[in-house]
Amino acid sequence: MKDDVIVVGAGIVGLAAAFHLQAEGLRVRLVERGGVAEGASMGNAGAFAFTDILPLASPGILRRAPRWLLDPLGPLSLPPRYLPHLAPWLIRFWRASLPDRHARSILAQSALMRLAAEAMGAMVQEAGLSGRVRHEGNLQLYESEAELAAALPGWRLREAEGIAFEHVRGERLAALQPGLSPRFPVGTFTPHWKSVDDPYHFALALFDVVMSRGATISHGEVVVIETGEEGVRVRLADGGALSAGHAVLAAGAWSRPLAKALGNAVPLETERGYNTTLPPGAFELRRQLTFGGHGFVVTPLATGIRVGGAVELGGLKAPPNYARAEAMLNKAATFLPGLKTTGGTQWMGFRPSLPDTLPVIGRSKASSRVIYAFGHGHLGLTQSAGTGRLVADLVTGRPPSTPLEPFRPDRF
Ligand SMILES: Cc1cc2nc3c(=O)[nH]c(=O)nc-3n(C[C@H](O)[C@H](O)[C@H](O)COP(=O)(O)OP(=O)(O)OC[C@H]3O[C@@H](n4cnc5c(N)ncnc54)[C@H](O)[C@@H]3O)c2cc1C
C-alpha cells in the first residue's frame with residue numbers, strides 16, 4: 001500500500017515529525033541512510049532549552065567572536081581552508097545580527113519555543129517518555145560580576161518573554177552546584193530548563209513508539225525527491241524508488257542538496273560540535289552547567305557526564321579534530337575540581353545551521369507536497385516536537401500552530 005508520507009532522515013526532527021503525522025492517522029515511512037538517530041541527534045547535550053530564545057546571530061556575538069577566534073581550540077573556530085566557502089553564510093549571519101533583524105528573530109524564536117515546549121510536553125506524555133525527562137534546571141556561570149552585567153540585557157529580553165530565572169551567589173550558588181571552582185562567583189539559574197536522560201536513548205525510544213504505531217523504515221540514501229500532481233517519488237542511491245502523497249525533508253545538516261534540487265537554494269551550513277562523555281560518577285553534578293564564556297556545557301545523563309559544545313564552522317567533509325573535545329574537558333577539570341576525566345568517549349556532531357539561527361519549516365518551491373523541517377542548529381532536540389506539530393499542520397493543510405513566515409525556506 002502506498003504510504004501517505006515519507007520522512008527523509010530518522011534524526012530527532014524526522015522522528016518527531018513521524019510521531020505527529022501518525023497522530024493525524026497518516027501512514028508514515030522513514031528513510032534513513034545510516035543508523036536511527038546516529039547523526040547530530042545522538043550525542044548532543046540533551047537539553048530542552050526552551051528558554052534559549054536569543055539567536056546566536058546577535059550584536060553581542062560579533063563583539064566576542066574575534067577574541068574567541070584567537071584561541072585555536074576555543075569556543076569558535078573557522079578553519080581558513082573553509083573560509084571562502086563559508087563567506088556568503090557569514091555575510092548573512094552578520095546581516096541577521098543587526099539590531100532590527102535580531103529583534104525579529106527573537107520574536108520568531110520565542111513563538112517557536114512556546115509551541116515547542118507545549119508540543120514536547122504533550123509528545124513526551126503521549127509517547128510514555130516522561131521517565132526520560134529531568135527537571136533540574138540549568139545553571140549558567142560567570143567569572144565575574146562584570147560578565148553577569150554584560151549578560152543582563154539578554155536576561156531582560158528573556159524576562160520580557162516571561163522566562164523565569166534567578167541570579168545566584170554565595171550559599172545559594174554552592175547549594176545549586178557544590179564543588180564549583182571559586183573562579184565562578186555568580187550564576188543564573190533557570191528552573192524550567194529541562195533535559196533528557198540521554199538524547200540517543202530518548203530518540204530510540206521515540207523511534208520504538210513510532211514503529212509500534214505502524215511506521216515502516218527503509219534503509220538507503222535519498223538522492224532526489226521528485227514531485228508530481230499525485231504525490232512524490234523518492235529515489236535512492238541503490239536505484240530503488242518509493243512513492244507517497246507527501247515527503248518531509250528532515251535530513252539535518254545534509255538537507256541542502258536535496259532542497260536545491262527542489263528549487264530552494266537554502267544557505268544551510270554546519271556548526272560542528274564536540275564532546276566527551278565521562279563514565280557515571282565522574283562528578284556529583286546536580287544539573288546542567290553552562291560555561292557560556294567558554295562555549296560549553298556539562299550535562300548529567302543517565303549514561304554519564306557529558307562535557308562539550310564549541311562551534312567549528314568547518315563543513316561536512318573535514319575529519320574531526322578531537323583536540324577540541326580535549327580542550328573543553330581540560331577546562332572543565334579546572335572549573336570543577338575533582339572531575340574525573342578518564343575513561344571518556346569523544347564525539348563530533350554536525351549541527352544543521354542557518355545564518356539567522358532559525359530553522360527552515362515550510363513547503364518546497366517545486367511542490368507543496370514536500371515539506372522542509374531542517375536547520376535547527378543548537379536547538380533541534382528542543383524544537384523537534386514543535387516542528388513535528390508544524391509539519392503535521394502543513395501536510396493536513398490546516399492553519400499552522402505558529403506563523404511560519406520567519407521560517408520560510410526562501411527568506412534569505
Ligand atoms: C555538541 C552538540 C550539542 C548539542 N546540544 C543540544 C541540546 O542540548 N539541545 C538541543 O535541542 N539541541 C542540541 N544540539 C543540536 C541538535 O543535536 C540538532 O539540532 C538536532 O540533533 C538535529 O536533528 P535532525 O534530526 O535535524 O538531524 P540529525 O540528527 O543529524 O538527523 C538527520 C538524519 O538524516 C539522515 N540523512 C541525511 N541525508 C540523508 C539522505 N540523503 N538520505 C537518507 N537519510 C539521510 C542522517 O543519516 C541523519 O540520521 C547539539 C548539537 C551538538 C553538535
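This is a short tour of a predicted model, from the annotated domain to the ligand, a pocket and a cavity.

**Stop 1: the annotated domain**

Select residues 4-394. In an unreviewed entry, UniProt lists this range as "domain: FAD dependent oxidoreductase". Colour the range by secondary structure: 36% of it is helix and 27% is strand. Now mark its two end C-alpha atoms, which are 13 Å apart.

**Stop 2: the ligand and its shell**

Select the ligand and the residues within 4 Å of it. That shell holds 33 residues. Pick out Glu-32, Ser-41, Gly-377, His-378 and Thr-382, which come nearest.

Next, colour the shell by class. There are 15 nonpolar, 14 polar and four charged residues.

Then show the elements behind the shell. At least two residues each come from α1 (12-23), β2 (28-32), α2 (40-43), β18 (345-353) and α11 (380-396). Which element supplies the largest share of the shell? Strand β18 does, with four residues.

**Stop 3: polar atoms at the ligand**

Zoom in on the oxygen atoms of the ligand. Start at Gly-377, where a backbone N or O atom lies 2.8 Å from a ligand oxygen. Move to Ala-40: again a backbone N or O atom, this time 3.0 Å from an oxygen of the ligand. At Asn-44, select the side chain, since a polar atom there lies 3.0 Å from a ligand oxygen. Now switch on the surface. On its own the ligand has 1,000 Å² of accessible area, and the protein covers 96% of that.

**Stop 4: the second largest pocket**

Hide the ligand and select Arg-104, Ser-105, Ala-108, Leu-358 and Pro-406. Among the 17 lining residues of the second largest pocket, these lie nearest its centre. The pocket holds about 320 Å³ of space. Show helix α5 (residues 99-126), which gives the most to this lining, with six residues. By class, the lining has nine nonpolar, two polar and six charged residues.

**Stop 5: the largest cavity**

Finish with the enclosed spaces. Rolling a probe the size of a water molecule over the atoms shows where empty space is left. How many cavities of 30 Å³ or more are there? The count is three.

Go to the largest cavity, with about 40 Å³ of space. Select its lining: Leu-73, Gly-74, Pro-75, His-294, Phe-296, Ala-310, Ala-327, Met-328 and Lys-331. Six of these residues are nonpolar, two polar and one charged. Last, show helix α10 (residues 323-335), which gives the most to this lining, with three residues.

Technical notes: Residues are numbered from 1 along each chain as its sequence is written. This is a predicted model: local features need pLDDT of at least 70, side-chain atom pairs count only at pLDDT 80 or more; totals for chains, interfaces and linings use all residues. Side-chain values use heavy atoms; hydrogens and water are left out. A polar contact is a pair of N or O atoms within 3.5 Å; within protein, one must be able to donate a hydrogen and the other to accept it, and residues adjacent in sequence count only if both atoms are side-chain atoms. Accessible areas come from the Shrake-Rupley method with a 1.4 Å probe; for residues, only the protein chains shown count as cover. Ala, Val, Leu, Ile, Met, Phe, Trp, Tyr, Cys and Pro count as nonpolar, Asp, Glu, Lys and Arg as charged, and the others, Gly among them, as polar. On a 1 Å grid over the protein atoms alone, a cavity is a set of points where a 1.4 Å probe fits but cannot get out, and a pocket is an open set with protein on both sides within 12 Å along at least five of seven lines; lining residues have an atom within 4 Å of a point. Grid points are joined across faces, edges and corners, and a volume is the space filled by probe spheres set on the points. UniProt positions are given in the numbering used here, feature names are shortened, and annotations may be inferred rather than shown by experiment.
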